[in-house]
Amino acid sequence: MSNTVSTSPRTAVTRGESLQTEKRKAALAWLTVPALFFFLVFAVVPLAGVFILSFANWDGIGSIGVAGMDNWLAVLADPGLYNALGLTFLIMIASWLVQTPISLLLGVFTAGSQRYRAALAVLYFLPLLLSSAAVAIAFKALLDPNFGLATGLGLPFLAQDWLGVPHLALGLVIFVIAWQFVPFHTLIYQGGVRQIPKSLYEAAEIDGAGTIKQFFHITLPQLKYTIITSSTLMVVGSLTYFDLIFVLTGGGPGNSTRILALDMYLRGFRANLMGPASVIAVILVVIGLALALLLQRLGGKDKHGSQLEGL
Amino acid sequence: MKQPQTSRRSFLALAALTPFAVAATSACGTSGPGTASGGGGASMWYLSGEPNQTTMQKAVDTFNSANPDNKIAVTYFQNDAYKTKIKTAIGAGQAPTIIYGWGGGTLKTYAEANQVEDLTSWFEENKDLKEKFFPSSFGAATVDGKIYALPNQYVAPIVLFYNKELFEKAGAQPPKTWDDVMSLVKTFNDMGVAPFSLGGQSRWTSMMWLEYLLDRIGGHEVFNAIFEGKPDAWLDPAVIETGTKIQELVSAEGFIKGFSSIAADSNADQALLFTGKAAMMLHGSWTYGAMKKGGQNFVQSGKLGFVHFPTVAGGKGDPKNGVGNPAQYMSISSKATDQEKESAKKFFKDGILTETVIDTYIASGSVPIVNGIEDKLDTSEDKDFLNFVYDLAKNAPNFQQSWDQALSPTAAEALLNNIDQLFLKSITPQQFAENMNATLGK
């Protein structure tokens, strides 16, 4: 908005008017103060606190002592960290691969105007209304190997020990995460698809392009930034998956679902090792920032440019 | 252009108001858990779950109506969630006046951080109270010769429960030795019944197996050395043998299918025993009361059997040794006001383990830690079980406190994590011993 105002030829007419815009700009700067205040109090200060704690000895109860580099060396030498890192990236990539195509297709479908679309859309969005803890408890009960759904309905092929075998538990975690978050990303894609001008499709139809061609040559390119937004949320969000996995598996069996965020919690609040837990928190922040920046770069430098030029 | 301006103004108003709203809610937050409602009362956190929740609520209600100036306000939490919450609350200076716990290593970290009151002199002043309890119950309440907690509730040894109906069907006898255990595993697997129920996701449930096995194989001295942090205490050959025996049992399908995804918090492990899906279960004696209440007449109709943990051929441990919780404990937060501390002490003296509470515990199938209850136990409808538990606790030459409570929280978390992997066979007994050895002194 401000960009178009300052470059438009109407503003640079007289001195008085430009002074007024200067004043308005100053007033606008003041408006960021509350946001900056909250950012400082709830993001910067805790971040600095965690960074300092990563060099300290603290059990969460007693007094805080100086540890120097001990925590960092101990955590970086711990194979548990690399296991957690590997699992975090595995869940991140698998979640992206599973969720993106499903939510993209569902988004395109719910943005259309087919019969029963509204009713089906409501069904798709239901998981979005449930809290992660509730979802985890429900799935845990359904998948119980002795009293669960499979036993109740007599479906032996479903009666696996879903949460008790390491690779099954990991796969299940990815599935439940997808079940919970696909609706959210569907919503994003639905909004994105509705922004695409109808005239593009009309032109394509005149040129003889079918539904599939339209999808690959109009919908998908037009959704470029929506895909980047959704992917950023998925990738950065997967770094903080905690509540669902904590309730569902607690990191187990063994360490097979102990992702970085959970590892941090267990070290800090179960084992009373706040220093090493802070080290992991710092690592999480660095990875999260790096990934967010990388994804922004993927969007290209001209990302503020219009995709609708010539329309 | 009018539209954005009004929204800007309302945004400003919102921005101006928000800090006050935040301040108001955070003010509520700080006064929430730390202080009790009204006057000079004390706050207390306790575990949810029956039958103990009702027993405690009744005790508190009785105390509160007799002592309107020293009211106790109780909040209930689930077991596993409570253990984390109380630590965080104490660290943040938000602890309730009365801190409930299991003594041992966790209590030691509180005492060392000066977060709990030293009750030694108070017990000196109240000798009657001190002599009321089993002497063995004070061990886990004592740190460096000072008493930091009031023992209360009941003694809870780990007991081997079994389903009598299934044993009759199989024509089998409850196990006396480890060899019996292994042959019963085969018997019940052939019958299509799981030999042992286990809520393995909770991890401390699997730990109970190691506690008894290590004691039977190597004697109580092995864990004592670990507890005292002696060098290489975990590398004792008895630890390796314990791990090997456990993995043999897992390999022989001794535990119910899917045990590592069953959590004890939902009582699914008990349900497996009383619904006849599993023949045996090693569990705390507190599950007797829970099974009596939730087990569809399983206990009342005499189908629940119980024996002491079997012996191991060539083992050094006394077969009478017990493991479990010698008692539960309550400490007073040193951050509480003097008035709150007074109320808490009054509650300790007059409100906990009153005659009514003792009777309620006995009626729910537990043995309270007070002396001279033999007559009461004998007249109870659960006298077989109560006398069994009472004798087990009384006659045990060594009663080992549960490991995860005895050790420091740091070592305990590592222990539970390694036990989980041992039961999954993702580490060898040797690796288990080495991993744990690295936690000595932490």
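Biologist: How many residues does each chain put into the contact between chain A and chain B?
Modeller: In this predicted model, chain B contributes 30 residues to the contact and chain A contributes 23 residues.

Biologist: And which elements give two or more residues on the chain B side?
Modeller: On the side of chain B that touches chain A, they are helix H3 (79-91), helix H4 (104-112), helix H12 (268-274) and helix H19 (409-423), each of chain B.

Biologist: Which of them gives the most?
Modeller: That is H19(B), which supplies six residues to the side of chain B that touches chain A.

Biologist: What is the make-up of that side by class?
Modeller: The chain B residues that touch chain A split into 12 nonpolar, 12 polar and six charged.

Biologist: Switching to chain A, what domains is it divided into?
Modeller: Chain A has domain 1, covering 2-53, and domain 2, covering 76-298, and the C-alpha centres of these two domains of chain A are 35 Å apart.

Biologist: How many residues are in contact between them?
Modeller: Four residues of domain 1 of chain A contact six residues of domain 2 of chain A, and on the domain 1 side the classes are four nonpolar, no polar and no charged residues.

Biologist: Now the largest nonpolar core: which residues touch the most other members?
Modeller: That core has 172 residues, and those touching the most other members are Val173(A), Ile259(A), Tyr148(B), Phe196(B), Ala278(B), Tyr329(B) and Leu415(B).

Biologist: What does Val173(A) touch, leaving out residues up to four places away in sequence?
Modeller: With those left out, Val173(A) touches Ile91(A), Ile245(A), Leu248(A), Thr249(A) and Thr257(A).

Conventions
Residues numbered from 1 in each chain as written. Chains lettered and ligands numbered in written order. Predicted model: local features only at pLDDT ≥ 70, side-chain atom pairs only at ≥ 80, totals over all residues. Domains from an automatic or database assignment. Contact = placed C-beta atoms within 7 Å. Nonpolar A, V, L, I, M, F, W, Y, C, P; charged D, E, K, R; others polar. Core = buried A, V, L, I, M, F, W, Y, C linked by C-beta atoms within 7 Å. Buried ≥ 20, exposed ≤ 12 C-beta atoms within 10 Å, placed from the backbone. Helix = DSSP H or I, 4+ residues; strand = E, 2+ residues; numbered from the N terminus.
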